[in-house]
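Here is a quick tour of one protein model for someone who likes to work from coordinates. Have a look at the fold before reading on.

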Amino acid sequence: MKFFWLFLALIVTSVQAHAGYLELINGDRAEGEFVRLEGDSVIWKSTNFGELNIKKNKVKNIVSAKPFKISGNDIPCMLEDMEGENLVYYCGLRSRMVRTPLLSMKVMTPYETFVEGEYVHHGRINLWGAYSRGNEVRDEWNVQAEFTLRRSEFRHTLGGEYARASWWYSEPPEKWNLSYGLDWFFRERWFWSNNVALGVEEARGIDNYYTLGSGAGYQFWENSKSALSLRSGLAYYNEVYMDSFVIDPDYEIDDNYTAWRLATDFRYTLPLGVSFFHNNELIQSFDDSSNFYLKTTTGLSAMILSKVYSELKVDYNVDNQPQPGKQEKDTRMSVGVSYKW
């Protein structure tokens, strides 16, 4: 059946004499053909200017006679038009029109490219730091990196973080983590998320840990002004704690438990191109109803140069069952620079 629709789509393509075109909200128009979606951009191959990277929120209309692979559909799909921010298309019967915001679409590629199995990749690096000598002796560094490799409906994400901070030449507590995630976008707004992570966080008394998680995610909306998505699922945690200097007869050197995980990601665009973002994650243990961990990140991001962003963010964490001698709440404000490609 899939090859029937591919054959039919190729026939439709062959009888179209005109090339595709992309129209921007400012009235500009570029002849050519669609290449792929990449993050918040449309990659368009212009007849006159070659390959262009155009932000999704700048696109008014996409016209193409090519068959497309769109998440959740095994058969080729054909574009019809755009209605406002919604892309109108059909997969199979023309009477079954689908309307989806272009900004919320994660998988859209020419069906021929999907069959060939082309990979797309991008990443980001964030850096924060402080160095002072004199009345204050302080060294603090934090670097985060993320690399994403995508093929059709599957996305691989590799991330890591390293941080250290010391005052007056004190022994800096070690903090680092590595993570790997695999997402499957099986519908236009739905995706299945799996991840594994390991690391060390001495400031919280954790000598080492690893986690395994799996669950579903849903994109409520995503447009030129804001976006909201949610993830929920199960996770397994194994933690080994550092030796405690506080005498506690109930102290245990390690812990492992199964938990429910709920996470949200919100974005809103402010005037002058400044973006507000807020994401949080709640981890609730099934083994002990009073044991939970909450971490949130809230901040502002603004472009300085092409692909270079300035960020101000506040991290707030709550561990209602901290290790002996450790605080229940942690707050950190950071100002840094990010490079995205």
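What follows goes from the whole chain to one sheet, then to some aromatic rings, a loop and a single threonine.

**The chain overall**

Keep in mind that this is a predicted model. The protein chain has 341 residues, and 39% of them count as buried. Its secondary structure is made up of two helices and 22 strands. If you lay the C-alpha trace along its principal axes, the spans come out at about 80 × 50 × 30 Å. As for how far contacts reach along the sequence, take the ones between residues at least 6 apart: 47% of these join residues at least 24 apart.

**A five-stranded sheet**

Let's start with the sheet that holds β1 to β5. It is an open sheet of five strands, ordered β4-β3-β2-β1-β5, and the pairing is antiparallel. The edges belong to β4 (50–55) and β5 (59–63), each of which pairs on one side only. On average, neighbouring strands here are turned by 40° against each other, ignoring direction. As general background, strands of a sheet pair through backbone hydrogen bonds, either parallel or antiparallel.

Now walk through the pairs. Strand β1 (residues 20–24) is joined to β2 by four bridges, with the two running antiparallel. Y21 has E31 in β2 as its bridge partner. The hairpin of β1 and β2 has four residues between the strands, and G27 there takes a positive phi near 100°. Y21 also turns up in another role: R29 lies over the face of its ring, 3.5 Å from the ring centre.

Strand β2 (residues 29–38) is mostly covered, with eight of its 10 residues buried. Six bridges tie β2 to β3, again antiparallel, and G32 stands opposite S46 in β3. These two strands form a hairpin with two residues between them, where G39 in the turn has a positive phi of about 65°. Moving on, strand β3 (residues 41–46) is joined to β4 by six bridges, antiparallel as well. One of the paired positions is S41, whose bridge partner in β4 is K55.

**Rings**

How many aromatic pairs does a search of the whole structure find? The count is 10. Two of them are set out below.

| Pair | Centre to centre | Angle between planes | Geometry |
|---|---|---|---|
| F185 and F191 | 5.4 Å | 45° | tilted |
| Y218 and F220 | 5.1 Å | 85° | edge-to-face |

The second pair gets its label because its planes sit at 85°, and the cut-off for edge-to-face is over 60 degrees. The surroundings are worth a look too. F185 is buried at 2% relative accessibility, and F191 is buried at 6%. Y218, on the other hand, is partly exposed with a relative accessible area of 23%, and F220 is partly exposed at 39%. Elsewhere, ring pairs link F154, W184, F186 and W192 into a cluster.

There is another charge over a ring to note: K340 lies over the face of Y309, at 4.5 Å from the ring centre.

**A loop with positive phi**

Next comes the loop between β13 (154–167) and β14 (175–184), where W168 lies. Y169 has its place in the loop between β13 and β14 too. Most residues other than glycine have a negative phi. W168 goes the other way, with a positive phi of about 50° although it is not a glycine. Y169 also has a positive phi, near 60°, and is likewise a residue other than glycine.

Are these two side by side in the buried or the exposed class? W168 is exposed, with a relative accessible area of 52%. Y169 counts as exposed at 62% relative accessibility.

**One threonine in β20**

Finally, zoom in on T297, found in strand β20 (residues 292–305). T297 counts as buried because its relative accessible area is 16%, and the limit for buried is under 20%. Which residues does T297 touch, leaving out those up to four places away in sequence? The list is F277, H278, N279, K313, V314 and D315. With D315 there is also a polar contact between side chains, at 2.7 Å.

Note on methods:
Residues are numbered from 1 along each chain as its sequence is written. This is a predicted model: local features need pLDDT of at least 70, side-chain atom pairs count only at pLDDT 80 or more; totals for chains, interfaces and linings use all residues. Side-chain values use heavy atoms; hydrogens and water are left out. Buried means under 20% relative accessible area, exposed over 50%, partly exposed in between (1.4 Å probe, protein chains only). A polar contact is a pair of N or O atoms within 3.5 Å; within protein, one must be able to donate a hydrogen and the other to accept it, and residues adjacent in sequence count only if both atoms are side-chain atoms. Contact means heavy atoms within 4.5 Å. Two strands pair if DSSP finds at least two bridges between them. Axes are lines fitted to C-alpha atoms, for helices over the stretch in contact, and angles run from 0 to 180 degrees between N-to-C directions. Rings of Phe, Tyr and Trp (its six-membered ring) pair if their centres lie within 6.5 Å; planes under 30 degrees apart count as stacked, over 60 as edge-to-face and the rest as tilted. A charge sits over a ring if NZ of Lys or CZ of Arg is within 6 Å of the ring centre and within 35 degrees of the ring normal.
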